[in-house]
Amino acid sequence: MKYIVKGELERSVKIRRSEFITHLFCVSSAQEVRQKVREISGLHKSAAHNCWAYIVGADGEVLHCSDDGEPPGSAGKPMLNALLVRHLTNVCVVVTRYFGGIKLGIPGLIQAYSSVVADAIDAVGTQELIPKERYFLRLSYDKLDSLNYRLKSLALELLEPEYSDKIAATVVVPIAVEQDFLAILADLRVNFEKA
């Protein structure tokens, strides 16, 4: 079972005079991670380090980390481990370090980076990742009431409806009820495609 973080967080902590700024957020792709890391690194150009770790994919199959100049294995890997131990996916964390003049040593760095990430996760909270599919529907107006009624039984709703000669809308469907949803569409003869 995989989990996601409930939201974004930025927090600053001082550890032996070094400032550690943790940025924790949801992502959906490695490309999005690269963009966020560039943005945060750009905001903190004068920082000694902008270390990061991420996990992406329904099963957490894509993961990577960077020490960004810290001793190898002292920052990125402890950050990644803090994400892995919580079974997180679709998550990225960037920890910016402003050096405070006191060397922490490798054990101290490992402790600092892993603890600021764990604290950030605790602060924002997690929730179970429910795999979903997105469908695009086209239907005639005479089917709208029946479709809405039956979708409610599955706790689903039409999103972003557009009204013209037909109704076009999107529905986000948890995998657990996908077969029931498809049966409703077949029964009502609603045109659809995966979005």
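## The four-stranded sheet

Let's start with an open sheet in this predicted model: its 4 strands come in the order E9-E10-E8-E11, and the pairing is antiparallel. At the edges sit strand E9 (159-163) and strand E11 (191-194), each with pairing on one side only. Direction aside, neighbouring strands here are turned by 25° against each other on average.

Zoom in on strand E8 (residues 132-139) and you'll find 4 bridges joining E8 to E11, the two running antiparallel. Tyr135, for one, stands opposite Lys194 in E11. Helix H5 (residues 178-188) packs on this sheet, where H5 touches E8, strand E10 (167-174) and E11. The direction of H5 makes about 5° with that of E8.

## A hairpin elsewhere

Now for strand E2 (residues 9-15), which is joined to E3 by 7 bridges, again antiparallel. One example is Glu10, whose bridge partner in E3 is His23. This hairpin of E2 and E3 has 2 residues between the strands, and Arg16 takes a positive phi near 45° there.

## Two nonpolar cores

The largest nonpolar core counts 24 residues, and those with the most contacts inside it include Leu24, Met79, Tyr113 and Val117. Two or more residues each come from strand E3 (18-26), strand E4 (49-56), helix H2 (76-84), strand E6 (91-98) and helix H3 (105-124). H3 is the top contributor, giving 8 residues.

Tyr113 is worth a look: leaving out residues up to four places away in sequence, Tyr113 touches Phe20, His49, Cys51, Glu70, Ser74, Ala75, Met79, Val95 and Arg97. Apart from this core lies another one, of 19 residues, with Val171, Val173, Val177 and Leu185 among them.

Key: Residues are numbered from 1 along each chain as its sequence is written. This is a predicted model: local features need pLDDT of at least 70, side-chain atom pairs count only at pLDDT 80 or more; totals for chains, interfaces and linings use all residues. Side-chain values use heavy atoms; hydrogens and water are left out. A nonpolar core is a set of buried Ala, Val, Leu, Ile, Met, Phe, Trp, Tyr and Cys residues joined through side-chain atoms within 4.5 Å. Buried means under 20% relative accessible area, exposed over 50%, partly exposed in between (1.4 Å probe, protein chains only). Contact means heavy atoms within 4.5 Å. Two strands pair if DSSP finds at least two bridges between them. Axes are lines fitted to C-alpha atoms, for helices over the stretch in contact, and angles run from 0 to 180 degrees between N-to-C directions.
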